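Here is a report on one protein chain, written for a reader who works with coordinates. Keep the 3D view open while reading.

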Amino acid sequence: MDFYGFYTGRIFDAYRYLGAQVKKGKTGKEVVFRTFAPSASRISVIGEFNQWTESPMEKVHDGNFWEFRSEDAQPGMMYKYRIYDRAGKWTDHCDPYGYGMELRPNTASIIREMGAYRFRDEKWMKGRSDRRDQPLNLYELHFGSFRKPSGEPDAWYDYEELGDILIPYLKENGYNYIEIMPLGEYPCDESWGYQVTGFFSPTSRYGTADQLKAFVDACHRNDIGVILDFVPVHFAVDDYALAEYDGTALYEYPHSDVGDSEWGSRNFMHSRGEVRSFLQSAADYWLSEYHIDGLRMDAISRAVYWQGMPERGVNSNAVEFLRYMNRGLKERHPSVILAAEDSTAFPGVTRAAEEGGLGFDYKWDMGWMNDTLDYFRTAPEYRTRDYHKLTFSMAYYYDERYLLPLSHDEVVHGKATILQKMYGDYDQKFPQARAFYMYMYAHPGKKLNFMGNELGHFREWDEKRELDWDLLAYPAHQEFHRFMKDLNRFYLEHPAFSELDFDAEGFRWLECHAKEKCVYIFERRSSRERIAAVFNFSDEEQEAEIPCGDAASLKRVFSSELPEYGGRETRREKVIRSRKGKFTFCLPPFSAGYYAVK
C-alpha cells in the first residue's frame, strides 16, 4: 500500500492491504490481519481459529498499523479485534475493512476470500455507459421487503434467490437499472442500511459476498444495471464498529457540535487523509469487486455544508474530498454512474471535478419532486394559483444534470404513498396518477421510482413487510400496473425522451401560460423523432391548441385514457380543428397524451 497516499487521502485500494487478507502461506492458505489504530496501546485478534483467545498483533510500518498472521484462520471463520486504549480499557471491534460480518445482533467479522467468484458479464461491462444520452429507468429497491419467503419480519430471500424473482419482473416491467438501498452491514433494520457498521461487508441478512456477486452478474447478463446506495457522510455509533475505534475519535470529529448528525450517528471527519482513503477505498471496492455500475451518494448536503446548513458555511474539506473521490472513481471506472442526493443550491454538483465541480454524473432534482407532488396534492380549483410550480423546474434545469426521484423517502412514515398523494377520492386518484407519471416520464431528466409505486401502493412502505402484491387482484390496480409497464417501455423505446436530456434542443414549451385551464404542452426531440406531450390537470374538459410549427400531422402514440388503463372514452381527444402547424384538441379531465409530430 502507498502509505503516504493513505495518510494524505489519495488512495483507493486500502482494502487490498488492510482487513483479513487470504494469502498463500508456507503450507497452505494464510490469513494476514491488519488494522490501522495509531492510538491503541495494544491489540489482539480473537476468533474461531484461536478459540476466541487473544493472539497479539504486532506494530508494523510506522507503528500506526498492526498485523497478525495465521495459517489456522480460514475463509468463513469469524474474528474480532480486541483493542486496548491508552488507559488499558479494551473493546472488541469488528474489522473496519472486513469483507463480511455476522447477522445482527452479533458483531464478528468474517474472513472472505474475494477472488473466488468468476464473473461472466464481459459483454455488459464492455458496453456499459453513464446513460447520459440514453434512457435510465431506475427501480429503487429495499432488498428485504420486495418479496419475502414467509410473513416473518426476519425472513428474507438471499441474493441469488431474489435475483431469480426480481430479474424477470424488472424485464417485464420495463426497468433497465435498479438502485439498491445500502447493503453495507448495519445493525438496525429500521435504519434501512443508512447507519453502517461494515463499509466493506455485504449485509449477511441476504447471504455472502459471492452470492451478491452472483446477483449482480445475473443482472448484467439480463441487461440490467445495478446502482448501490453509498453513505460517505456518517456512520453508526455502535461501539464495536468505527466509533472511537482506537480509543480516540479516529474516524469522527472529536466535538459533538459537528461530530453528531441529526440521525443520531457520527459524522466522518473528512479533513483526515486516513478517513478519505477509507471512504474512497470503500467506494472503489463495490465498483471493482462486485462490478456495481454506480453509486448514489447519500446526504451530500451534509457534506457540502456544515451539518447541512448553508448558514453555517461550506465544509471545504468535505467538498474537496467529494471532488477528489469522484474524479478518481471516474478515472478508474469511466462508465459508472455517480449520483448525488443533494437538496441544496450549491453550484457545480454535476460539473466535472477538473473544472471545479463535484464531479457527479447526476443530481437528484428534489425541487421538481417537491413542487410536483405539492401540485397534485392540491384541489383542482387551486391549481390555477399553483400553475407555475410545474413550469419552474425548467427555469433551472440546465444548471445541472438532473434525475427525477420518487424514492423511498416519499412513501414512508406519515408521508403517504405516491398514489395517496393525488387529490381526491379513490376513483379520482388513478387518472391523476396516470397523468402525473406521464408528465414525469416526458419531463427531461432520468427517472427513479421506488418499488411499489408501479402497483398503485396505498400502504406506506414498511421494511418488515413485503409489497402488497394482493393489490393486483383489484381491477383498478391491475389497470394501473399495466399502464406503468407500458409507460416504462414507451420511455425505453423512444429516444425523444432521453437522447437530448441535457441539451436545450431536446425540449421546448408549446404551452406554459394556460393558467386558467391547467393545460401544459411541451415537445421532446431526438435526432430521430419528435413527441408532443399534452396535459390537462384540471377536473374539467378543456380545449387546447397545440402549436407545432412546421408539423403536418399529429398522431397519438400513448394516452392515459385508454380503457385498458382504466381510462374513459377517448373519442373526446380527437382533433376538432386543425390548420397548418396548429391542432386543437378536446382534452378529458386529468388526462395526458403523447403525440408523434410529423
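The report goes from the overall fold to the pocket, then to backbone details and single residues.

**Overall form**

The model is predicted. The protein has 598 residues and a radius of gyration of 26 Å, which agrees with the value near 25 Å for a compact globule with that number of residues. Measure by principal axes, and the C-alpha trace spans about 85 × 50 × 45 Å.

The secondary structure comes to 13 helices and 29 strands. Of the 598 residues, 64% count as buried. The accessible surface is about 22,400 Å². Carbon and sulfur atoms hold 47% of that surface.

How much of the contact set links residues 24 or more positions apart? The share is 71%, taken over contacts in the protein with a separation of 6 or more.

**The largest pocket**

Rolling a probe the size of a water molecule over the atoms shows where empty space is left. The largest pocket found in this protein has a volume of about 440 Å³. Its lining consists of 19 residues. Which of them lie nearest the centre? They are Tyr194, Trp263, Asp298, Glu341 and Asp409. By class, the lining of the largest pocket divides into eight charged, six polar and five nonpolar residues.

**Backbone details**

One peptide bond to inspect runs from Arg104 to Pro105. This bond is cis, with omega near 10°. Pro105 sits in the loop between strand 8 (90-93) and strand 9 (109-110).

Positive phi values come next. His61 has phi near 55°, and His61 is not a glycine. His61 belongs to the loop between strand 5 (58-60) and strand 6 (65-70). Asp223 also has a positive phi, near 60°, and is likewise a residue other than glycine. The loop that holds Asp223 runs between helix 4 (209-221) and strand 14 (225-230). Is Asp223 buried or exposed? Asp223 counts as exposed, because its relative accessibility is 54%, and the cut-off for exposed is over 50%.

**Single residues and their surroundings**

Ala209 is placed in helix 4. Ala209 counts as buried because its relative accessibility is 4%, and buried means under 20%. Beyond its neighbours within four places in sequence, Ala209 is in contact with Arg112, Met114, Pro202 and Tyr290.

Asp121 and Glu122 can be read together. Asp121 is in the loop between strand 9 and helix 2. Glu122 is in helix 2, which covers residues 122-127. Asp121 is buried, with a relative accessible area of 3%. Glu122 counts as exposed, at 54% relative accessibility. What does Asp121 touch, leaving aside its neighbours within four places in sequence? The contacts of Asp121 are Asp217, His220 and His291.

Thr417 lies in the loop between strand 20 (402-406) and helix 11 (418-421). Thr417 is buried, with a relative accessible area of 3%. Leaving aside neighbours within four places in sequence, Thr417 is in contact with Val411, His457, Phe458, Arg459 and Glu460.

**Distances across the model**

Each of these residues can also be paired with a residue elsewhere in the chain. The table sets sequence separation beside C-alpha to C-alpha distance.

| Pair | Separation in sequence | C-alpha to C-alpha distance |
|---|---|---|
| Ala209 and Asp425 | 216 residues | 47 Å |
| Glu122 and Met369 | 247 residues | 36 Å |
| Thr417 and Asp238 | 179 residues | 32 Å |
| Asp121 and Asp72 | 49 residues | 35 Å |

Take two rows as a check in the viewer. Asp121 and Asp72 are 49 residues apart in sequence, and their C-alpha atoms are 35 Å apart in space. Glu122 and Met369 are 247 residues apart along the chain, with 36 Å between their C-alpha atoms.

How values were computed: Residues numbered from 1 in each chain as written. Predicted model: local features only at pLDDT ≥ 70, side-chain atom pairs only at ≥ 80, totals over all residues. Heavy atoms only, no water. 1 Å grid on protein atoms, 1.4 Å probe; cavity = no way out; pocket = protein on both sides within 12 Å on 5 of 7 lines; lining within 4 Å. Points joined across faces, edges and corners; volume = space filled by probe spheres on them. Nonpolar A, V, L, I, M, F, W, Y, C, P; charged D, E, K, R; others polar. Helix = DSSP H or I, 4+ residues; strand = E, 2+ residues; numbered from the N terminus. Rg over C-alpha atoms; globule rule 2.2 N^0.38 Å. Buried < 20%, exposed > 50% of the residue type's maximum accessible area, 1.4 Å probe, protein only. Contact = heavy atoms within 4.5 Å. Areas by Shrake-Rupley, 256 points an atom, 1.4 Å probe, with all protein chains shown as cover.
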